Amino acid sequence: MRLKYVLSEVMVGLWRNVTMTIAMIITMAVSLTMLGASGLMYRQVDNMKDRYYENIEVSIFLKTEVTQQQRDDLQGKLKGDPLVKEVIYENKEQAYERFKEMYQDAPALVEAVKPDQLPESFRLRLVDPEQYKQIFDKYNSEEGIQEIVDQRRLLDKIFNILGAVQNIALVAAMVMAIAALLLVANTIQVAAYSKRREVAVMKLVGASNWFIQAPFVLEAVVAGLIGALIGFGALSLAKVFLFDGSLRDLTELLTPVGWGDVLVMLPLMAGAGALVSAVTAWVTLRFYLRV
Amino acid sequence: MTKTYPKASRPSLDDVSCSIEKGEFVFFIGPSGSGKSTIIKLLLHEVTPNKGRVIVNGKDVTSMRSWKRPHFRRSIGCVFQDFRLLPNRTAYENVAFALEVIGKTKAVARRVVPEVLELVGLGGKEHRYPHELSGGEQQRVAVARAFVNRPLILLADEPTGNLDPDTSIEIMRLLDRINRTGTTVVMVTHDSNIVNQMRRRVVEIESGRIVRDQARGVYG
């Protein structure tokens, strides 16, 4: 009975002030979409790191005039280095094969390059990829080395860009969340004002505090949940039309966005939406209703 | 016990001491601003005294935590000058509302509400809205709402303030009947006619002090 009363109060409350309710839901939806997008981005970067860091190498390219002696010395040192897990030597021929494979879509480029022009290299796999700096410091001054390249550095640039986009989404989510928060506070105030007579009587006859507050808090929570659902819908549309649509080439090059990752965002968004609304409503009531 | 409101130059109630027995009928009288209404607020735990203690139904409410207040209030009924009825609900619904919001079922309400409306003399008018009732009838609905939960104490803050003398007397008869069921009635008023007719205990307050406390008293 009491549950039915509370629920019907919630529905009446949402309808009574329908323009405000819609505004509340829209801002909530936009904010939560941004939150979901940044969460998705976070997972995406994580997935990419897992996938690419596995295969990451440090390449030491040798000078073209490197001597046999220098090469053997370097190989010996690298093999004995505790930081290095694995060393693979790649000669000019192998480098050329790889080059051909990488640029098979550009035969003109492959034509223009001769095996001689490509440098020999050592490809290292490190015990801990984070220790690139030590390797660099240790071998940079060795004879016969042209350049030491950490592939991780290249990937980190991509991750930094994704990280920046993620931060922008997060900031946007937060700014929208402030707007949503103020709208919730205002809606609850209006609702409390329109029910002030009922609230006064309830306080007078000794209705419990939760019973007085629940309809208002639930009103905000319902709006928050609807906002989360709309936000999730927007995120799903973004997956279908953006990630799998116009940005398909990019996402396939990096890592495709899976439905699993998108689905995980639903509880996150719903939880954030419901919690923010509930807390805001409750705090507003503490000030406004003084129950 | 002393109560001073913030920003007030003098206490609303200054070192007042008064005890009311169970089942008594007490008038608090005095001019406007003398502190009569503050007594009601203290008894309801709407405000707390700055000094001294307020004990209601054997419980010290001075230090009562605010989350206990709702349950405490269920033992007190309250009637005001302005009735405080919900305009969009019928007489029946107004009384039933008071029961339902403290967790009583609709079945309980269906049994108890007609009974108490009959008691206050509103039999047959259950489904009228407040604006379809006279002032006296509205106050009866308010009394029914205050009494439906069978409180130990009924507080009445100038319940006849908006009513003509004849209607006022009817309301007083009703309060008297409720008092006879064993309910303590505390009534704040400055209606001398009523006080003089009822011949009950009178406590007179002036400028926050008790100047007279008389069994079977009259006004001034």
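Let's start with the sheet in chain B: six strands build an open sheet there, lined up in the order 4-5-6-1-7-8. The pairing in this sheet is mixed. Keep in mind that this is a predicted model.

**The sheet in chain B**

- At the edges sit strand 4 (76-80) and strand 8 (209-214) of chain B, and each of them pairs on one side only.
- Neighbouring strands of this sheet are turned against each other by 15 degrees on average, if you ignore direction.
- As a bit of background, strands of a sheet pair through backbone hydrogen bonds, either parallel or antiparallel.
- For a parallel example, look at strand 1 (residues 25-29) and strand 6 (residues 184-189) of chain B, which pair over five bridges.
- Want one residue pair to find on screen? Phe28(B) has Val188(B), in strand 6 of chain B, as its bridge partner.

**A helix across the sheet**

- Helix 1 (residues 36-43) of chain B lies across strand 1, strand 5 (153-157), strand 6 and strand 7 (201-206) of chain B.
- Against strand 6 of chain B, this helix runs at about 145 degrees.

**Where chains A and B meet**

- The contact draws 15 residues from chain A and 16 residues from chain B.
- On the chain A side, helix 1 (2-16), helix 8 (196-205) and helix 9 (209-246) each chip in with at least two residues.
- Helix 8 of chain A gives the largest share of that side, with seven residues.
- Sorted by character, the chain A residues that touch chain B come out as nine nonpolar, three polar and three charged.

How values were computed:
Residues are numbered from 1 along each chain as its sequence is written. Chains are lettered from A and ligands numbered from 1 in the order in which they are written. This is a predicted model: local features need pLDDT of at least 70, side-chain atom pairs count only at pLDDT 80 or more; totals for chains, interfaces and linings use all residues. Two residues are in contact if their C-beta atoms, placed from the backbone, lie within 7 Å. Helices (H or I, at least four residues) and strands (E, at least two) are DSSP runs, numbered from the N terminus. Ala, Val, Leu, Ile, Met, Phe, Trp, Tyr, Cys and Pro count as nonpolar, Asp, Glu, Lys and Arg as charged, and the others, Gly among them, as polar. Two strands pair if DSSP finds at least two bridges between them. Axes are lines fitted to C-alpha atoms, for helices over the stretch in contact, and angles run from 0 to 180 degrees between N-to-C directions.
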